[in-house]
Amino acid sequence: MLSIQETHNESAFVMHVSCESCGSKDNAAIYDDGHTYCFGCQLFTPGDDVEVVASTKPKKLHKDLIQGDYADLVARGIREDTCRKYDYQVGEYQGRPVQIENYRDDNGEIRVQKTRDQDKNFTVLGDAIHMCLFGQHLWTTGRKLVVTEGALDCLSVSQAQNNKWPVVSVPNGAQSAKKALLKAWDFLDGFEEIILMFDSDEAGQKAALECAESLPIGKCKIAKLSGYKDPNEALQAGGEAEIVNAIWRAKDWRPDGIVSTTELRDIITETDEHSLVTYPYSKLNELTRGIRPSTLVTICAGSGVGKSTLITEFALHLHMHKQKVGMLMLEEENKRTVRGLIGLYLNKNIVQDHEAATKEEVLWAHDDLFKLQDIQLFNHFGSTDLDIVINRIQYMVKAMGCTHVFLDHLSIVVSSMTGKVSDERRLIDDAMTRLRTMVQELQITLFLVSHLTRPQGDGHENGAKVKLSQLRGSHSIAQLADFCIGLQVNAEDPTDDTRELVVLKNRFTGQVGWAGRLRYNRESGRLIDADSDDSRF
């Protein structure tokens with residue numbers, strides 16, 4: 001006894017005829033052993049010498065579904081036999097000609113239809129909960145499975161391979177492709193390779209990457225067509241060979257961050273010992289070898305020692321060397337930040353002495369200092385939430401082109417988070433992790449000001465040395481930073497106007513220790529490199 005499928009396989013097709021059951025004009029087929037089968041309603045009529053074990057009762061369409069016919073899609077270059085294989089029909093819906101995508105369940109019954117009219121209006125008929133991948137009912141397992149954005153692309157890829165190999169499409173385009181593939185996870189996992197051949201435009205390629213993140217690990221490849229928007233455009237232009245080639249040259253998808261050693265061969269001989277971007281102080285440059293991208297630099301000092309002046313010197317130096325700078329100074333108004341920059345430029349302490357420069361001098365300095373490019377500032381209006389701070393940094397970088405950003409200081413950002421978690425250490429860990437990740441993603445240099453815990457005995461303002469262990473609140477401040485730079489007073493005479501730089505951490509070369517002596521000039525407001533050749537340490 002033969003099943004219906006075995007009967008089809010053992011016999012030869014003769015001709016198409018109309019179906020008396022469903023009324024289709026050519027959905028039924030006669031085979032050389034006398035049996036007939038309707039591809040529309042699935043009515044099977046055995047020949048005189050054939051006994052079958054399957055039911056011959058026709059499967060009727062569910063409520064609200066419509067009946068169509070198979071035909072060549074001439075404008076799309078798709079043949080009737082391709083449409084028949086995938087159960088893609090033409091018909092009418094509400095008096096308008098439509099194309100019909102039929103979606104079958106595991107029993108082979110049509111449960112959902114998606115219609116498309118000539119104006120690209122889509123309608124879903126039946127119970128949408130049963131909508132799977134288009135063409136999914138044709139396959140179970142296999143070596144390669146190609147997934148496209150739409151049904152017409154699915155038909156095109158299948159036809160380019162003589163309708164022999166598994167191809168399916170997501171039911172509702174790129175916007176919901178990930179959801180559809182997750183729903184079909186078990187089906188997809190039955191194939192050794194899953195090749196995403198989405199549209200070549202930005203939306204299609206973005207959707208392909210998003211879907212690849214969700215597919216079975218190690219199985220996904222992404223195929224790209226050369227010179228065509230999508231597979232159907234290639235088919236219409238006679239580009240079947242390009243469709244097939246795109247399948248075979250599809251590249252393995254790997255998640256971000258996974259790189260093979262072979263890919264690094266061309267850059268391993270490049271040296272990056274010295275950065276072209278420098279600090280304004282020679283000894284500090286000697287230890288750090290300059291300022292690099294994708295770097296988090298923590299600046300620390302005791303209260304009142306001069307952290308803000310130091311980072312303003314850094315910012316001005318970078319600006320004068322044509323680097324794009326952003327500043328988020330959470331402890332001061334933007335007016336004071338700009339006056340600080342202008343004062344350094346004029347060599348006049350206009351922040352503390354408002355009569356040190358005339359109005360005309362200040363305005364001239366402003367125009368001259370920012371005539372080529374601005375420094376971007378953050379007007380926080382009292383809002384220092386971490387999400388907002390990170391968002392504004394991202395804007396400074398992506399929209400305004402900033403490469404070096406200053407955040408003063410971490411404690412203010414963390415204090416705005418206390419409503420969520422009471423443990424300060426956990427808050428700092430979270431903030432540092434997010435800032436570190438952002439630095440790497442944006443490939444910027446972030447200068448982060450951090451407070452120190454007060455040591456026992458004399459405070460930092462009285463000569464106590466700055467230590468890495470004194471970074472306040474969490475070890476992650478030091479652990480996640482690439483460099484830690486401290487500023488401390490002269491231990492021999494804490495009341496004089498000298499300051500000492502000390503490198504507490506140096507991930508690049510490992511060199512730490514004394515990094516130069518600075519002298520604070522009260523009239524100019526500048527921190528000047530006092531004796532860059534001093535080698536007493």
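Select Val-90 and Gln-99 in this predicted model: Gln-99, in strand 6, is the bridge partner of Val-90. Now extend the selection to residues 88–93, which make up strand 5. Strand 5 and strand 6 run antiparallel and are joined by six bridges. The two form a hairpin with two residues between them. In that turn, pick Gln-94, whose phi is positive, about 55 degrees.

Stay on strand 6 and select residues 96–104. Seven of the nine residues in this strand are buried, so it is mostly covered, buried here being under 20% relative accessible area.

Next, add strand 7, residues 110–117. Strand 7 pairs with strand 6 in the antiparallel sense, over seven bridges. To find one of these pairings, show Arg-104 and its bridge partner Ile-110, which is in strand 7. The hairpin of strand 6 and strand 7 has five residues between the strands. Among the residues of this hairpin, label Gly-108, which takes a positive phi near 85 degrees.

Move on to the nonpolar interior. Select Leu-133, Val-147, Leu-181, Leu-188, Leu-196 and Met-197: these have the most contacts inside the largest nonpolar core, a set of 53 residues. Colour helix 3, residues 151–160, as well; with six residues, helix 3 gives the most to this core. A second core, separate from that one, has 43 residues, including Tyr-279, Leu-310, Ala-315 and Leu-501.

Return to Met-197 and display its surroundings. Leaving aside residues up to four places away in sequence, Met-197 touches, among others, Val-146, Val-147, Val-157, Ala-223, Leu-225, Pro-231, Ile-243 and Ile-247. Thr-148 and Glu-149 are also among the residues that Met-197 touches.

Go next to helix 12, residues 359–369. Mark Val-362, Ala-365, Asp-368 and Leu-369, which are buried. Look down the helix axis: the buried residues fall within an arc of 135 degrees, so they line one face of helix 12. Show helix 10 (307–320) and helix 11 (334–346), which are included in what covers those buried residues. Then turn to the face directed away from the buried side, where Lys-359, Glu-360, Trp-364 and Asp-367 are exposed.

Follow the chain out of helix 12 to Lys-371, in the loop between this helix and strand 16 (376–377). Lys-371 counts as exposed because its relative accessibility is 59%, and the cut-off is over 50%. Display the side chains of Lys-371 and Asp-368, which make a polar contact at 3.1 Å. Asp-368 is one of the buried residues of helix 12.

Strand 16 leads into a sheet. Select its nine strands, which lie in the order 16-15-17-18-14-19-20-21-22 and form an open sheet with mixed pairing. Strand 16 and strand 22 (526–529) stand at the edges; each has a single partner strand, so one side of each is left without a neighbour in the sheet. Within this sheet, isolate strand 19 (residues 483–489) and strand 20 (residues 498–506), which pair in the antiparallel sense over seven bridges. Phe-483 has Asn-506, in strand 20, as its bridge partner.

Finally, show the whole protein. There are 16 helices and 22 strands, and 50% of the 537 residues count as buried. The accessible surface comes to about 27,400 Å², with 48% of it belonging to carbon and sulfur atoms. Among contacts with a separation of 6 or more, 59% are between residues 24 or more positions apart.

Methods. Residues numbered from 1 in each chain as written. Predicted model: local features only at pLDDT ≥ 70, side-chain atom pairs only at ≥ 80, totals over all residues. Heavy atoms only, no water. Helix = DSSP H or I, 4+ residues; strand = E, 2+ residues; numbered from the N terminus. Buried < 20%, exposed > 50% of the residue type's maximum accessible area, 1.4 Å probe, protein only. Polar contact = N/O pair within 3.5 Å; in protein donor to acceptor, adjacent residues only side chain to side chain. Contact = heavy atoms within 4.5 Å. Areas by Shrake-Rupley, 256 points an atom, 1.4 Å probe, with all protein chains shown as cover. Core = buried A, V, L, I, M, F, W, Y, C linked by side-chain atoms within 4.5 Å. Arc of directions from axis to C-beta. Pairing = 2+ DSSP bridges.
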